[in-house]
Amino acid sequence: METEAPTELQDFVSDAAPPWPRSYTENSAEEEQLLVMARSFQRHMRLLYPDRKPLLLCPANECGLQKLVTTTLRPTFPAVADLHTWQQCARFVSDFLTLQPLEPPTELPASLRSPQFVLRSQRGSSLEFTNLLCSLLLGLDYDAYCVSGYASRRLCELDRRRDTCPLLEEQSQDQPEETEQEAQDDSSTYNKKRERKVHSNFLLKQQKKLEQQQQQQPQTHTEPPPPPAPDPLWGLRVHFWVLVLAGSRSVEHDFFIDPLSGNSFPTKHPDFLGVESVWNELNVYVYMEDCANGCQDVVWDPEDRTHWEPLVPGTTSRKQLQALAKNRLDLNEETGPPYSYDMPLSWCSMIHITEKDMELRWPQGFKVTHFKQASVENFIPFFCPDGVVTRLTLYQDHDKRQVQTVREWFEYRSDRLKERETSGGFTTETFKPGRDDTLIFHRFNTRVPEACPDPSDPAVTPEREMRFVSFRPDGLVRRLERGDHMIETFEKRRDFLFQRDTQFRRPADAKTSKEDGEDNTEGSWNILEVVEQFHRDPSKAAGEDIAKREFLLAERRIEVTYHLEDNLFIPSKRSFKKPTESTKKQKAGDFTMDMVSTFQVDGQGETLKLPQLQQLLHSLMEHEQKTIRQIKNSMSSVQSLVQSRAVEEKEVQLETRPWTTSGTSLARKRRERAVLLGEELRWLEQQQKDLLAPALMRLNGNMELRPDQVQTLYQDCLQDFRNRMVQRATLIQERIDQESRDLQEQQPDDLTKPRQIHIARKRLEMLKECGPQKYKDLEQKLRGDPRIGPHLNPPT
């Protein structure tokens with residue numbers, strides 16, 4: 001007797017506009033025979049094991065018709081390039097669907113809807129999660145089974161509040177391990193001479209002060225989270241998951257996949273408390289042993305008749321199919337007796353997963369997941385006005401009241417912002433290459449008061465660090481401002497300069513110097529000292545090659561330190577005191593030998609006379625003025641960059657991608673705000689069939705084209721088509737290469753690999769054959785468009 005469909009299914013059936021396929025509303029003769037066998041098997045199990053719960057064999061589909069669980073599986077090879085591994089499929093299913101908990105949690109669900117229906121509704125129970133994921137894995141040649149059993153409350157309810165955030169685990173794995181390599185380098189006796197590392201004494205002192213203050217502060221220890229409350233339904237909560245057996249797709253060990261979270265678990269994990277049955281598209285297997293120890297002692301071989309009982313004996317098994325694929329079928333040895341029955345094909349329609357589903361995978365546009373002292377928010381592209389797609393929030397306490405760190409990832413930002421982290425009063429921004437100012441890293445202190453009472457205090461010292469790409473004309477790669485210092489690092493400069501350290505005087509102190517008669521203020525700061533360091537210039541002698549140049553502006557002195565010879569330990573030095581400059585009241589001072597202090601190592605360079613020293617001082621003073629101008633430009637560039645970043649954050653601009661669903665959606669929303677609702681609906685219907693619509697989106701929906709825009713628009717359309725074809729061919733080729741490597745290195749006797757390689761090569765050949773013709777068709781359609789055709793150049 002057939003059961004009635006649940007209420008939500010009856011509502012869907014009554015409101016469904018298109019007619020259901022016949023396989024959804026009627027059972028074939030083979031399916032009716034299977035239902036009879038399943039009911040008979042269920043009765044025998046109740047008679048032999050009265051204390052055992054009923055098995056899940058024939059739940060109702062979306063039309064209220066009973067179907068065997070094996071025929072509800074629809075093995076499908078996903079057409080999307082990003083769904084070719086079990087990790088990708090599990091992540092997609094957990095992200096795309098919203099969980100409907102079982103009610104009551106100790107009873108089997110009454111319905112199992114088709115995978116395609118679940119995809120379109122984006123809601124399902126753990127059984128429907130499992131059915132969809134297993135269908136995808138079977139299509140990818142994994143030896144996968146649906147498991148009906150019992151699990152802990154945190155798995156059944158998708159409670160991840162005691163799990164470590166996976167984003168934190170991924171970042172810890174991505175950190176480079178340099179310690180071991182450095183130890184190996186240090187242990188070598190014959191290492192080459194390393195370049196001397198330069199440290200800033202000022203920064204080291206500031207770091208020590210900060211560490212001392214942190215040690216003096218009282219340490220706040222967070223208490224461990226309270227243990228979870230005892231579960232009165234422990235061991236009774238029904239749950240469904242996926243079992244993947246070793247032997248296919250380079251899988252070496254059996255493991256579980258929880259489809260709700262997308263995570264993998266070992267088969268002996270304590271959260272899995274028991275198993276009733278497993279099934280694939282070939283048969284249902286019932287576990288006949290005791291599960292008092294959960295899944296610890298389960299033998300995961302469904303074709304082992306000593307532990308498992310099949311629903312339909314004598315059907316085609318997985319081992320027999322593998323043996324047939326290898327052309328070495330031996331029915332008398334490992335594969336068992338000859339089979340005499342094949343399960344009917346699935347009644348479900350084909351599973352269709354599109355690029356749009358991959359892009360808009362989050363139900364309602366976003367999803368929030370809570371972890372241990374962390375929460376993760378995921379958004380579809382263009383959902384948030386600032387372009388954020390992932391936000392990770394870390395908390396100091398388990399109650400999530402005190403925020404410790406906020407980390408955000410962005411996409412499609414016109415300012416190329418990729419990641420931003422706010423923690424401990426500091427904000428760190430990371431950018432993609434491509435900005436006009438070449439900025440790729442920006443870190444600054446956000447909790448510094450406007451008037452700092454003590455600039456030597458690291459807690460309130462203003463700090464800003466910027467990093468740039470290495471192909472700037474000035475060679476600047478890093479600029480660090482901390483307190484009264486600005487340290488700039490350079491690379492690949494012709495003058496071999498690699499670091500410049502500038503010390504300023506605070507505005508209050510600069511006012512005092514002005515009263516004393518000194519007036520060389522740069523803006524609101526007074527430059528006191530500039531220290532420049534240089535790499536070795538092999539074209540000069542060591543005694544003439546400057547290693548360090550110090551401009552002591554407050555003392556009116558210039559000090560020069562030269563490079564070391566290979567066999568020396570002390571470098572040569574010179575110190576100049578600048579003569580007084582001319583004023584209205586007095587003449588310029590004369591340069592004398594008393595204004596020079598020289599320390600010269602024996603045999604390193606020649607002794608210079610007064611004219612030569614005066615000429616050297618004149619050259620150094622010219623470099624001093626040039627350096628001051630460069631520092632001025634650096635200070636003004638910092639201010640302009642900070643101002644431009646404030647404008648960029650205030651008016652965030654997102655770069656639309658017309659060939660993506662989200663990019664087109666954003667452009668359409670802009671159009672909706674400009675026209676009336678009725679006109680916009682008709683306009684949208686026309687744009688869905690318009691070849692030029694994606695390209696016109698780049699012009700903010702401007703339909704009136706100038707003659708100079710037509711050729712560019714035409715070339716953009718063709719180039720976008722070529723890019724899509726090349727991207728598709730590249731993905732297929734990468735798939736072929738990966739399968740070929742797996743075939744050669746891991747399992748050369750697995751004949752499923754050659755079949756996958758053959759299919760991929762056929763797809764690549766079809767793409768290469770059809771691509772040129774599709775390109776010509778697109779070109780003809782564009783030239784036939786009345787908006788751009790008359791303005792195009794004639795075809796060559």
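Reader: Leaving aside its neighbours within four places in sequence, with which residues is I353 in contact?

Author: I353 is in contact with V80, L83, F92, L119, L136 and M358, where contact means heavy atoms within 4.5 Å. The structure is a predicted model, in which local features need pLDDT of at least 70 and side-chain atom pairs count only at pLDDT 80 or more, while totals for chains, interfaces and linings use all residues. Residues are numbered from 1 along each chain as its sequence is written, and side-chain values use heavy atoms, with hydrogens and water left out.

Reader: How is pLDDT to be understood, and what is its mean for the protein?

Author: The term denotes the predictor's confidence in each residue, on a scale from 0 to 100. Its mean for the protein is 80, and 74% of the residues reach 70 or more. Over residues 176-195 the pLDDT stays under 50, and the model has 6 contacts beyond four places in sequence for them. Residues 331-339 are also below 50; this stretch has 14 contacts beyond near neighbours in sequence.

Reader: What makes a set of residues a nonpolar core, and which members of the largest one touch the most others?

Author: The set must consist of buried Ala, Val, Leu, Ile, Met, Phe, Trp, Tyr and Cys residues joined through side-chain atoms within 4.5 Å. The largest nonpolar core has 57 residues, of which L137, I257, W279 and I353 touch the most other members. Helix α7 (residues 126-139) gives the most to this core, namely 8 residues; helices (H or I, at least four residues) and strands (E, at least two) are DSSP runs, numbered from the N terminus. Another core of 35 residues lies apart from it, and L439, I527, M635 and V638 are among its members.

Reader: Why is A60 called buried?

Author: Buried means under 20% relative accessible area, exposed means over 50%, and partly exposed lies in between (1.4 Å probe, protein chains only). A60 has a relative accessible area of 0%, so A60 is buried. This residue is found in the loop between α3 and α4. Its C-alpha atom and that of L112, 52 residues away along the chain, are separated by 5.9 Å.

Reader: Why is Y49 called partly exposed rather than buried?

Author: The relative accessible area of Y49 is 34%, which places Y49 between the two limits, so the residue is partly exposed. Y49 lies in the loop between α3 (29-48) and α4 (69-72).

Reader: How do you know that E31 and K67 meet in a salt bridge?

Author: A salt bridge requires a side-chain nitrogen of Lys or Arg within 4 Å of a carboxyl oxygen of Asp or Glu. For E31 and K67 the N to O distance is 3.1 Å, so the pair qualifies. E31 lies in helix α3 and K67 in the loop between α3 and α4, so the pair ties together parts that are 36 residues apart in sequence. Both residues are buried.

Reader: What makes R391 and E377 a salt bridge?

Author: Their closest N and O atoms are 3.5 Å apart, so the pair satisfies the limit. R391 belongs to strand β12 (residues 388-395) and E377 to strand β11 (residues 374-379), 14 residues apart. R391 is buried, with a relative accessible area of 18%.

Reader: Which residues are linked with R391 in a network of salt bridges?

Author: The network links E377, R391, E408, R413, D415, R420, E429, R435, D437, R645, E648 and E649. In the whole structure, a search finds 43 salt bridges.
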